[in-house]
2 protein chains.
Amino acid sequence: MFESAELGHKIKKSAYDKEVPDLREALLDIQMELAKSGAFQVIILLGGLDGSGRGATANLLNEWMDPRHIQTHGMGEPSDEELDRPMMWRFWRALPPKGKIGIFLGSWYTWPILNRVKGITKDSDLNQSLERAVQLEKMLVDEGALVLKFWFHLSKEKQEKRFKELEKSSLAYGTTIKQDKKLLKEYDAFQAVHEKVIRYTSTAEAPWLVVEGVDARYRNLTVGKVILKAIQDRLRLENAPPPRILAPPLMPPIDNLHLLKTLDMTQEIDKQDYKVELEKLQGRLNDLTRDPKFKYMSVIAVFEGNDAAGKGGSIRRITGALDARSYQVIPIAAPTEEERAQPYLWRFWRHLPRKGRVTIFDRSWYGRVLVERVEGFCSEADWMRAYGEINEFEAQMARHRILVIKFWLTITKDEQLRRFEERQQIGFKRFKITDEDWRNREKWEQYEQAVCDMVDRTSTLNAPWTLVEANSKNFARVKILKTLCERVEGKLKELGAQGLDYLDPPKKSR
Amino acid sequence: MFESAELGHKIKKSAYDKEVPDLREALLDIQMELAKSGAFQVIILLGGLDGSGRGATANLLNEWMDPRHIQTHGMGEPSDEELDRPMMWRFWRALPPKGKIGIFLGSWYTWPILNRVKGITKDSDLNQSLERAVQLEKMLVDEGALVLKFWFHLSKEKQEKRFKELEKSSLAYGTTIKQDKKLLKEYDAFQAVHEKVIRYTSTAEAPWLVVEGVDARYRNLTVGKVILKAIQDRLRLENAPPPRILAPPLMPPIDNLHLLKTLDMTQEIDKQDYKVELEKLQGRLNDLTRDPKFKYMSVIAVFEGNDAAGKGGSIRRITGALDARSYQVIPIAAPTEEERAQPYLWRFWRHLPRKGRVTIFDRSWYGRVLVERVEGFCSEADWMRAYGEINEFEAQMARHRILVIKFWLTITKDEQLRRFEERQQIGFKRFKITDEDWRNREKWEQYEQAVCDMVDRTSTLNAPWTLVEANSKNFARVKILKTLCERVEGKLKELGAQGLDYLDPPKKSR
């Protein structure tokens with residue numbers, strides 16, 4: 001894999017000086033065109049051995065281009081904030097918006113490689129990390145991003161030479177040198193892992209570009225020219241037709257039976273019983289979140305449902321049971337400008353809770369396969385791939401001990417009509433009903449089909465859907481609180497069985 | 001994942017009888033249209049629990065459609081022939097050609113699931129199997145195939161009932177019933193694995209379609225309608241524009257240096273020394289293939305190189321050292337009609353050797369990233385993804401103890417001219433030179449670039465490329481034989497260290 005990057009590529013100073021001015025101008029031009037169009041973001045990974053010139057290249061790109069449109073991320077040791085979330089969270093928060101360029105010196109490859117070389121993880125762990133990396137990059141490319149992965153390579157002999165030069169240089173510090181010498185000793189171990197990483201993650205969408213790191217002029221010209229050509233090509237492509245959808249159809253309706261029709265929508269609860277139950281369940285939930293083990297987990301509750309199904313009221317019955325400092329309610333409306341400039345999952349990643357906290361989403365990432373599908377806000381290819389992306393998103397949460405609890409609140413078409421009309425008549429409720437609600441109602445059957453597909457494709461062992469019969473608001477609230485309590489209780493028991501050692505692993509093993 | 005498939009879907013006989021004639025006619029029509037166009041193959045997987053109606057559905061499809069255009073594969077226990085090759089070999093040989101429909105009752109999922117449930121394999125093994133399944137299906141879809149995956153589901157209660165009915169039926173045999181009862185006991189273990197499989201491998205390109213297996217009429221209508229619509233949709237798409245290429249460019253030439261230029265092309269060997277060396281090396285190779293451990297491995301030697309670089313002569317020096325019953329030479333020319341109707345790797349999969357054998361490819365699967373790339377016989381997207389597909393192909397061989405040894409024979413442009421002219425003058429060599437050879441010569445630089453990219457992207461620890469300086473034929477032959485001997489020797493040592501227990505695993509653990 002590294003054959004062409006050990007040949008001793010070299011550019012003469014005179015040739016370099018002649019090429020650079022034109023290249024810089026072209027880079028600046030294309031950067032402006034990109035910023036103006038806001039068509040896509042450019043994600044540049046600079047990987048490779050220490051001493052191979054990654055830092056210098058990042059500096060150079062900032063010098064050659066307009067740094068206002070570049071975000072550079074070192075991605076060293078993760079912060080406490082970051083350790084409290086799934087590994088990918090820190091990368092999601094660092095993604096550049098459309099129109100900008102993000103340069104990553106450390107990436108989703110850095111820690112999996114390091115942990116494997118150090119023997120902290122096994123081959124199967126590395127495989128899974130690489131699998132996640134491939135999925136992340138595929139998603140980014142599907143969302144339109146241009147992903148450029150440079151791998152700077154030095155032969156063992158050249159790395160040794162580089163370190164010796166550094167030792168003499170006034171820029172090097174004692175500790176760095178000591179660390180570097182250790183790295184040199186591990187050269188072969190690193191190379192074996194690097195080879196695997198590059199082979200496995202050189203996909204057609206985002207292949208690694210291996211660059212010989214020895215000669216700075218060669219390195220600079222290579223990186224500059226690749227970036228220039230890639231952005232030029234992609235900007236030209238933006239007007240090309242969208243990709244063909246090669247997916248087979250989802251399940252067609254064959255009989256008239258579907259999931260939502262099997263619910264007993266007449267269920268209700270006596271008013272007096274409701275009061276008693278509510279108080280009991282709220283107390284139980286409060287107790288559960290005060291369990292000492294609760295600080296090793298977190299909860300995400302997702303509320304989806306028909307318009308006017310009573311999501312807000314149900315959420316308030318939950319928050320009423322919680323310490324105000326321990327929860328957040330995230331209402332999801334149309335995405336902001338900032339959010340539209342990112343892959344669609346970005347706006348949800350940013351709200352993942354720290355350990356010991358509860359986050360409630362009033363509508364969620366499922367908008368992609370519900371309203372966006374039905375209203376045609378995204379292409380068929382987009383929502384078809386969303387099921388897999390969402391399952392992977394929730395699997396990452398589960399791995400990080402975030403308990404995901406998902407509710408679909410359903411009401412009958414008649415009950416919705418009754419509530420819509422009531423809302424229009426009662427002054428303080430009028431703001432809750434819009435023309436859009438009436439329009440959505442006309443697509444009732446399409447929404448039902450979308451809900452059934454959603455439940456079938458995203459109800460998993462880790463994160464099952466709970467369908468809530470919500471014609472009776474009180475019945476729905478009790479069912480929701482009961483489900484929450486049971487799921488949290490189950491998770492706490494599981495944590496208890498695993499013991500604290502497991503729960504609180506040393507940071508570096510992440 | 002199975003919510004909608006436990007609702008008790010049922011179709012009344014009268015409704016069924018009314019729908020079926022039209023559906024059958026439409027299926028027959030579309031099948032003929034597909035066969036006539038030869039545009040793509042349809043690969044139908046029927047997965048699911050025993051007793052869920054997979055066999056009955058396969059029979060029905062053969063009854064409803066024209067069985068001459070359908071190939072049905074049971075895929076039970078693998079044969080000795082099949083056990084001697086990588087797991088995927090038996091599926092490659094069973095792929096339907098374009099224009100036809102292949103129905104698989106067992107698939108690349110069957111054994112990974114079974115082995116995991118039985119505890120023969122671990123979660124990480126299952127993950128890797130699923131990863132390979134996803135890659136295979138992605139490749140099939142990229143090559144144009146329509147992949148339809150049906151999963152027939154029965155709730156535990158329904159499966160039990162089904163088995164009881166079977167017991168009463170005259171069609172059931174004692175052993176089957178005993179086996180079925182055991183399966184029922186393992187229902188929950190199977191379900192946990194099934195859920196994971198379906199979630200992980202429901203990709204946008206080839207999602208699982210979960211079908212309730214209880215009511216035969218519902219099952220039949222569902223499968224029939226999905227197949228009809230999917231083929232109709234795809235036939236309509238065939239005239240759509242090809243997919244956009246979103247890949248960044250490969251490494252551009254920055255300086256004038258590349259891999260092939262660093263070779264010392266003046267190397268030669270004295271004629272007398274050559275004779276001695278040749279005999280010695282041929283004897284050594286012969287000895288190595290007679291090593292008792294050699295029957296636990298096999299060898300694939302790949303020969304690629306410039307036109308007139310001397311591939312044929314080198315191959316004859318190898319075969320001269322081998323027992324005629326132990327090797328095969330596969331010359332690769334333009335694909336046959338049968339081969340063109342399959343994914344491009346199909347013609348190579350069919351020639352994989354059994355254990356203890358040597359297969360020599362005179363040109364190979366690398367044509368995809370060499371001649372097909374340079375001559376534009378496939379799209380950029382096609383050859384870009386080929387690097388990854390080839391690496392995966394060779395990794396599967398390596399896992400099955402097939403030693404892959406790859407040679408690129410290179411000569412200088414001047415030397416090629418000399419050989420071309422010589423061939424034209426010598427009568428018995430004239431057949432070896434064609435107009436095409438002269439045309440290829442005009443694209444010398446483009447071919448060089450393709451060779452460098454190929455080596456960089458497909459030279460792996462398991463299957464590295466050996467570049468052979470072939471201006472002197474004798475020098476090349478000695479280098480090739482020496483490399484072969486060293487690689488085989490290394491592999492035999494490795495096998496010796498692993499012990500026979502490892503080498504000869506029980507069949508069921510595969």
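These legends accompany close-up views of a predicted model with chains A and B.

**View 1. Five parallel strands form an open sheet in chain B.** The strand order is E7-E8-E6-E9-E10 in chain B. Strand E7 (327-331) and strand E10 (465-469) of chain B stand at the edges. Each of these two has a single partner strand, so one side of each is left without a neighbour in the sheet. Neighbouring strands of this sheet are turned against each other by 20 degrees on average, direction ignored.

**View 2. E7(B) pairs with E8(B).** Strand E8 of chain B covers residues 358-362. E7(B) and E8(B) run parallel and are joined by five bridges. Pro331(B) stands opposite Asp362(B), a residue of E8(B).

**View 3. Helices H12 and H16 of chain B pack on the sheet.** Helix H12 of chain B spans residues 311-319. H12(B) touches four strands: E6 (298-305), E7, E8 and E9 (402-410) of chain B. The direction of H12(B) makes about 160 degrees with that of E6(B). Helix H16 of chain B spans residues 380-399 and touches E6 and E9 of chain B. Its direction makes about 135 degrees with that of E9(B).

**View 4. Gly356(B) sits in a loop that leads to a sheet strand.** The loop lies between helix H14 (346-349) and E8 of chain B. Leaving aside residues up to four places away in sequence, Gly356(B) touches Phe294(B), Lys295(B), Met297(B) and Ser298(B). Gly376(B) is 20 residues from Gly356(B) along the chain. The C-alpha atoms of these two glycines are separated by 38 Å.

**View 5. An open sheet of five strands in chain A also has parallel pairing.** The order here is E2-E3-E1-E4-E5 in chain A. Strand E2 (70-73) and strand E5 (208-212) of chain A take the edge positions. Each has a single partner strand, so one side of each lacks a neighbour in the sheet. The twist from one strand to the next averages 20 degrees.

**View 6. E1(A) pairs with E3(A), and helix H2 of chain A packs on the sheet.** Strand E1 (residues 42-48) and strand E3 (residues 101-104) of chain A pair in the parallel sense over four bridges. Val42(A) stands opposite Ile101(A) in E3(A). Helix H2 of chain A covers residues 54-64. H2(A) touches E1, E2, E3 and strand E4 (146-153) of chain A. The direction of H2(A) makes about 155 degrees with that of E1(A).

**View 7. Chains A and B are related by a two-fold axis.** A turn of 180 degrees and a shift of 0.0 Å along the axis lay chain B on chain A, with an RMSD of 0.0 Å. This is why the relation is that of a two-fold axis. Of the interface residues of chain B, 100% are also interface residues in chain A, so the copies meet through the same surface.

**View 8. Chain B meets chain A through 69 residues from each chain.** The two chains bury about 5,900 Å² between them. Carbon and sulfur atoms account for 62% of that area. Nine residue pairs are in polar contact across the interface. Two salt bridges are counted between chain B and chain A. Glu205(B) and Lys138(A) meet in a salt bridge through their side chains (3.9 Å, N to O). Elements of chain B that give two or more residues to this side include helix H6 (123-142), strand E4 (146-153), helix H9 (187-201) and helix H10 (216-237). Strand E5 (208-212), H16 and helix H19 (444-458) of chain B are also among them. H10(B) gives the largest share, nine residues.

Technical notes. Residues numbered from 1 in each chain as written. Chains lettered and ligands numbered in written order. Predicted model: local features only at pLDDT ≥ 70, side-chain atom pairs only at ≥ 80, totals over all residues. Heavy atoms only, no water. Pairing = 2+ DSSP bridges. Axes fitted to C-alpha atoms, helices over the stretch in contact; angles between N-to-C directions. Contact = heavy atoms within 4.5 Å. Least-squares fit on C-alpha atoms with pLDDT ≥ 70 in both. Buried area = accessible area lost by both parts, 1.4 Å probe. Salt bridge = Lys/Arg side-chain N within 4 Å of Asp/Glu carboxyl O. Polar contact = N/O pair within 3.5 Å; in protein donor to acceptor, adjacent residues only side chain to side chain.
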